[in-house]
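What follows is a walk through one protein model, to be read with the sequence and the coordinates at hand.

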Amino acid sequence: MRILFLTHSFNSLAQRLYCELTALGHQVSIEFDISDSVTEEAVALFKPDLLLAPFLKRAIPESVWSRHLCLIVHPGVPGDRGPSALDWAIQRGFKEWGVTVLQAEAEMDAGPVWASASFPMVPTRKASLYRNRMTEAAVRAVLLAVERVESGQFTPERVPGAAHALMQQGDRRIDWAHESSAVVLAKLNAADGFPGVADELFGQPCHLFDAWPEATLKGQPGRLIGRRETAILRATADGAVWVGHVKRPGGIKLPATRAFPEAAELPELPLDGWWKAPVPTWQDIAYEEAAGVGFLSFEFYNGAMSTAQCRRLTEAFRWATTQPTTVIVLRGGSDFWSNGIHLNTIEAAESPADESWANINAIDDLAEAILRCESQLTVAAVGGNTGAGGCFLARAADHVWVRDGVMLNPHYKNMGNLFGSEFWTYLLPPRVGDEGARDIMRHRLPMTGPEAVRRGFYDICLPGPGFNVDVARRAAELAAAPDMAQQLAAKTARRAADEAVKPLAAYRAAELAEMRRNFYGFDPSYHVARYHFVSRSPHSWTPRHLARHRDLDWKIPE
């Protein structure tokens, strides 16, 4: 079928559904929901058999849904209607939730149901639930709905329900002095990603994001207790909660201590080195060992890696190489492995060009440390979505094991035609060929784990359920291999042979020469694209690589 996506943006859910449906042979084109007239024009050009709306913030125009079958992906169980569906479910502590694929009609979310799927809730952030459990449920429901549309034998049924209101900041308000940590976390989790919880820090208004539980530290309820790296700890009625990111009025989302320089006056609450804390707390870099394997996790918000984070992670990795292990697994975070340099901290810098340069050099230092590691075999366990430089940072490891269901975006050009670094010119061509490398860098579309393995970019794609257990088992087997000494010797020999042909320094210098033009040259595309990305500017058009129906050679189907 020809399926037209009508979506607010090409977010992780839209990307996953695009990949799933194209893999099944459907012809998919994408139009951003900009205006009714733009939607009507897209429908006229593409002449779809089906419109699918994976992520909308307003209603589809009657001129479209009254003439074409339009299916909405609603983040709620059958009968749930209205906005903030996932927010209400998290804040009310529901144990199970779901996704419903329903037909667009005049009344919002009240159309006939084509398919649905449920998932168990866990106490975590809204954005994390959305990217993981809800996305998996949405894929099941959408694929079933599309199959039913294709068959022509299914009659959707209406489900009675009642609409709930948009969750307002009054519903999210935190009473730090009287509410428990569990209640505070539920409110912050329900607002994470967007819109955050309106509050005050240091007597100034802001929105709070990125909450972490704290198991042991306490203070006077409502008071700020201390800081750790970029996060701030605030006392609740029965404990304390960490706040990792905030957004000040008119500003962009930033690490809490970066947004509020006043935080420097709070007492520092350091952890004991890199070892994983034995109880819940804020810890963005954590190391643990099992069965001869070192596991290094880096839980960076939205996968963005600032200059300081890259430097700290490089320090942690080099420390990990001194431990008595033969394998190091780079785990990344629960939602993202890495999305490369930190565009928000760059945008907020006094000189974004200088901070861009510092950040790309810091992440290159990390990639080089991984590439030059001779004491252990390294594994990148890519269990979360990964983009741009993060995809190539993972490839710096000896082995890359990716979870099925992860979305990869191994390209830079969407960010103002960036050239990219992280040694991609060294890492990519030997695995996929020169033409394959050019295709990946020009493609500008998401890639699944199985596709990355088929292309030779990554090594193994492991099933989603039980991914972490599977990684730990495989890593332990690798560490126990009787020929480990020979494997390490062969790795060192390969690196020496590559260095003799062309040193890593030469690859890095060539890449950074291109990046210097991006950061300091006459073409401002990168700076413009970064500004629009971090400020979440509304889309004015759909990029041509997504809107196939707007290609110059597009032919209206007969």
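**A walk through the model**

Begin in a loop: Q323 sits between α9 (307–320) and β17 (327–332). The model is a predicted one, and the description below follows its computed geometry. Is Q323 buried or exposed? Its relative accessibility is 16%, and since buried means under 20% relative accessible area, Q323 counts as buried. Setting aside neighbours within four places in sequence, the residues in contact with Q323 are W275, Y287, E289 and Q376.

Other loops have backbone features to look at. The peptide bond that joins F194 and P195 is cis, with omega at about 5°. P195 belongs to the loop between α7 (181–191) and β9 (197–201). On the other side of β9, in the loop between β9 and β10 (204–214), is F202. F202 is not a glycine, yet it has a positive phi of about 55°. With a relative accessible area of 27%, F202 is partly exposed.

E422 also has a positive phi, of about 60°, and is not a glycine. This residue lies in the loop between β22 and α13. E422 counts as buried because its relative accessibility is 1%.

Now turn to the strands at the start of the chain. Strand β1 (residues 2–7) and β2 run parallel and are joined by six bridges. Within this pair, L4 stands opposite S29 in β2. Strand β2 (residues 27–32) is mostly covered, with five of its six residues buried. Together with helix α1 (residues 12–23), strands β1 and β2 make a β-α-β unit, and the unit is right-handed.

Helix α1 also leads to another part of the model. It lies across β20, β22 and β23, and runs at about 100° to β22. Those strands belong to an open sheet of four, in the order β18-β20-β22-β23, with mixed pairing. Which strands stand at the edges? They are β18 (336–338) and β23 (447–448); each has a single partner strand, so one side of each is left without a neighbour in the sheet. Inside the order, strand β20 (residues 385–387) runs parallel to strand β22 (residues 407–409), and two bridges join them. T386 stands opposite L408 in β22. As background, strands of a sheet pair through backbone hydrogen bonds, either parallel or antiparallel.

The last stop is helix α18 (residues 504–520). How far apart should the ends of its 17 residues be? At 1.5 Å a residue the expected span is 24 Å, and the end C-alpha atoms are 24 Å apart, which agrees. The buried residues of α18 are L504, Y507, R508, E511, L512, M515, N518 and F519. These residues cover an arc of only 115° around the axis, which puts them on the same side of α18. The spacing follows a general rule: an α-helix has 3.6 residues a turn, so residues three or four places apart point the same way. What do the buried residues of α18 pack against? Their partners are α11 (352–371), α13 (424–427), α17 (484–501) and α19 (525–534). One of these, α13, has already come up, as an end of the loop that holds E422.

Conventions: Residues numbered from 1 in each chain as written. Predicted model: local features only at pLDDT ≥ 70, side-chain atom pairs only at ≥ 80, totals over all residues. Heavy atoms only, no water. Expected span 1.5 Å × (residues − 1). Buried < 20%, exposed > 50% of the residue type's maximum accessible area, 1.4 Å probe, protein only. Arc of directions from axis to C-beta. Contact = heavy atoms within 4.5 Å. Pairing = 2+ DSSP bridges. Right-handed = clockwise from strand over helix to strand, strands pointing away. Axes fitted to C-alpha atoms, helices over the stretch in contact; angles between N-to-C directions.
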